Amino acid sequence: MIDEVQASAILSVDLAALVGNWRQIAAMVAPAAAAAVVKADAYGLGAIPVVRALVDAGCRHFFVAQLSEAAAILPALPHDASAYVLNGLMPGAEPACAATGAVPVLNSLDQVARWNDLARSERRVLPAILQVDSGMARMGLLPQELAFLVQERDRIDHIRLLFIASHLACADNPKNPANAAQIANFEAACLAFPSIPRTLANSGGSLAIPVSRNELVRPGLALYGINPVPADETPLQPVVSLQARIIQLRNVPAGAGVGYDLQFVAQRETRIATIGIGYADGWPYSLANCGTAYVGGVRVPFAGRVSMDSITLDVTGVPQRHLFPGALVELIGPNQSLAQVAADAGTIPYEILTRLGRRFARRHVFASPIDTSMNRSTAECA
Ligand SMILES: *Cc1c(COP(=O)(O)O)cnc(C)c1O
């Protein structure tokens, strides 16, 4: 835990907004169930507090990418909840997976064989999801391999199948005909196991492609307040805010260069504020000379490059009362959305979120996003 007074930046995660987003999706997709995708430490926001809040809200299905991530969240799950490992099982990882109680998403006949062998040797039945590749060519059994398992039932005779899964390549664009093609392939493949529930939709599918919802949806990004479908109007509440502290202030004369390579050159006498966040904290280097922040609600441009641990801002237009060492500057918040930062940096919100650094003080709050006035207290929940 990094103390907020020492910390150069504070990341605030609004768990009430997160839960609100999950509830909204759950209501929208009913009677399908809504899972939560919490891989990569809940997209960088803290898997344990996120999982706890969603468990309290009634979520019982949690997807991660790796076995170690499942092991990390399982102690926070009640007995009727499951942690599913999307990347499946590395060869040799089967006993560890069975011992932790994680449910693998089996992606190949080889993974199926190793999981079934382990279950047989331990004289037990082990749960699994079978993933089929419906047209993304990333992970999963081929549809004919799924059909083959029906003919050779002894290959899965020690596996309890919970779901048949697949993943959409183009759900962020619901009009892309590739979605309908994948849905048709998936439905045809699932006919091999007509009684097993299906799961296909990520955030984009959950929100904007109703026919993809099946029995269980798997939203990730939407829970964290970002709608990946540009045209979709479902209102999601923002979950993340990020503020960095001013380390130091100075005035530089016209003609002075600022930062690495002196890339910013002051056109007039300029006030520079240096804030304590940089690319080592996941703030994109590509925002050199084009990023913005907000101080006291005033938009301020980056002056020059993004350093490893700091960024220089041109704060000439900001009232003096907002400018002092330790003052908080908004990088994600009411004035600047995460989606806007991603667009400015030429990347996707997923990448910004999952790279946000480990040097921040992290607040998990049950309140709306903090403002930049510093003095407002916010309810904390360890
Ligand atoms: C990451 C992932 C999801 C969640 O995707 P979002 O776009 O964040 O909703 C769902 N399913 C699979 C297989 C994934 O890899």
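This is a guided walk through the side-chain contacts of the structure above, which is a predicted model.

Let us begin with the cysteines. A disulfide is a covalent bond between the sulfur atoms of two cysteines. How many disulfides does a search of the whole structure find? The search finds zero. Take cysteine 190 as an example: the nearest cysteine sulfur belongs to cysteine 170 and is 19 Å away. A disulfide needs the two sulfur atoms within 2.5 Å, so a gap of 19 Å rules this pair out. Cysteine 190 is buried, because its relative accessibility is 4% and the cut-off for buried is under 20%. Cysteine 290, with a relative accessible area of 38%, is partly exposed.

Now turn to charged side chains. Side chains of opposite charge can pair when their charged atoms come close. In this model, a search of the whole structure turns up 14 salt bridges. One of them joins arginine 114 to glutamate 94, with the closest N and O atoms 2.1 Å apart. Find arginine 114 in helix α6, which covers residues 109-121, and glutamate 94 in helix α5, which covers residues 94-100. The two partners are 20 residues apart in sequence, so their pairing ties together separate parts of the chain. Are these two residues buried or exposed? Arginine 114 is buried, and glutamate 94 is buried as well.

Stay with helix α6 and look for arginine 120, whose side chain meets that of aspartate 157 in another salt bridge, at 3.3 Å from N to O. Aspartate 157 is in the loop between α7 (143-151) and β8 (159-165), and the pair links parts of the chain that are 37 residues apart. Arginine 120 has a relative accessibility of 38% and counts as partly exposed. Aspartate 157 is also partly exposed, at 39%.

A salt bridge can also sit inside one helix, and glutamate 351 with arginine 355 shows this: both lie in helix α11 (residues 349-355). They are four residues apart, about one turn of the helix, and their closest N and O atoms are 2.9 Å apart. Glutamate 351 is partly exposed, with a relative accessible area of 29%. Arginine 355 reaches 52% and counts as exposed, because the cut-off for exposed is over 50%. Some salt bridges share partners, and in this way Glu94, Asp110 and Arg114 are joined into one network.

Next come the aromatic rings. A pair of aromatic rings is described by the distance of the centres and the angle of the planes. The count here comes to five aromatic pairs. In one of them, the ring centres of tyrosine 43 and tyrosine 224 are 4.8 Å apart and the planes meet at 35°, so this pair is called tilted. Tyrosine 43 belongs to helix α2 (residues 39-43), while tyrosine 224 is in the loop between β10 (216-217) and β11 (240-252). That makes the partners 181 residues apart, so you will need to look at distant parts of the chain to find both. Tyrosine 43 is buried at 6% relative accessibility, and tyrosine 224 is buried at 1%.

For another kind of geometry, look at tyrosine 84 and phenylalanine 163, an edge-to-face pair with 6.4 Å from centre to centre and 90° between the planes. Tyrosine 84 is in strand β5 (residues 82-85) and phenylalanine 163 is in strand β8, 79 residues apart. Both tyrosine 84 and phenylalanine 163 are buried. Ring pairs can build up into groups too: Tyr43, Tyr224 and Tyr350 are linked into a cluster.

A ring can also have a charge for company. The charged end of arginine 218 sits over the ring of phenylalanine 63, 5.8 Å from the ring centre.

Finally, move to the surface. Which residues form a nonpolar patch there? They are Tyr279, Tyr285 and Met308, which together have about 310 Å² of accessible area. You can find tyrosine 285 in the loop between β14 (270-275) and β15 (292-295). At 43% relative accessibility, tyrosine 285 is partly exposed.

The last stop is glycine 135, in the loop between β7 (126-131) and α7. Glycine 135 counts as exposed, with 54% relative accessibility. Its C-alpha is 9.0 Å from that of serine 166, and the two residues are 31 residues apart in sequence.

Key: Residues numbered from 1 in each chain as written. Predicted model: local features only at pLDDT ≥ 70, side-chain atom pairs only at ≥ 80, totals over all residues. Heavy atoms only, no water. Buried < 20%, exposed > 50% of the residue type's maximum accessible area, 1.4 Å probe, protein only. Salt bridge = Lys/Arg side-chain N within 4 Å of Asp/Glu carboxyl O. Helix = DSSP H or I, 4+ residues; strand = E, 2+ residues; numbered from the N terminus. Phe/Tyr/Trp six-rings, centres within 6.5 Å; stacked < 30°, edge-to-face > 60°. Lys NZ or Arg CZ within 6 Å of the ring centre and 35° of its normal. Patch = residues over 30% accessible without salt bridge, like charges linked within 9 Å, V, L, I, M, F, W, Y side chains within 5 Å. Areas by Shrake-Rupley, 256 points an atom, 1.4 Å probe, with all protein chains shown as cover.
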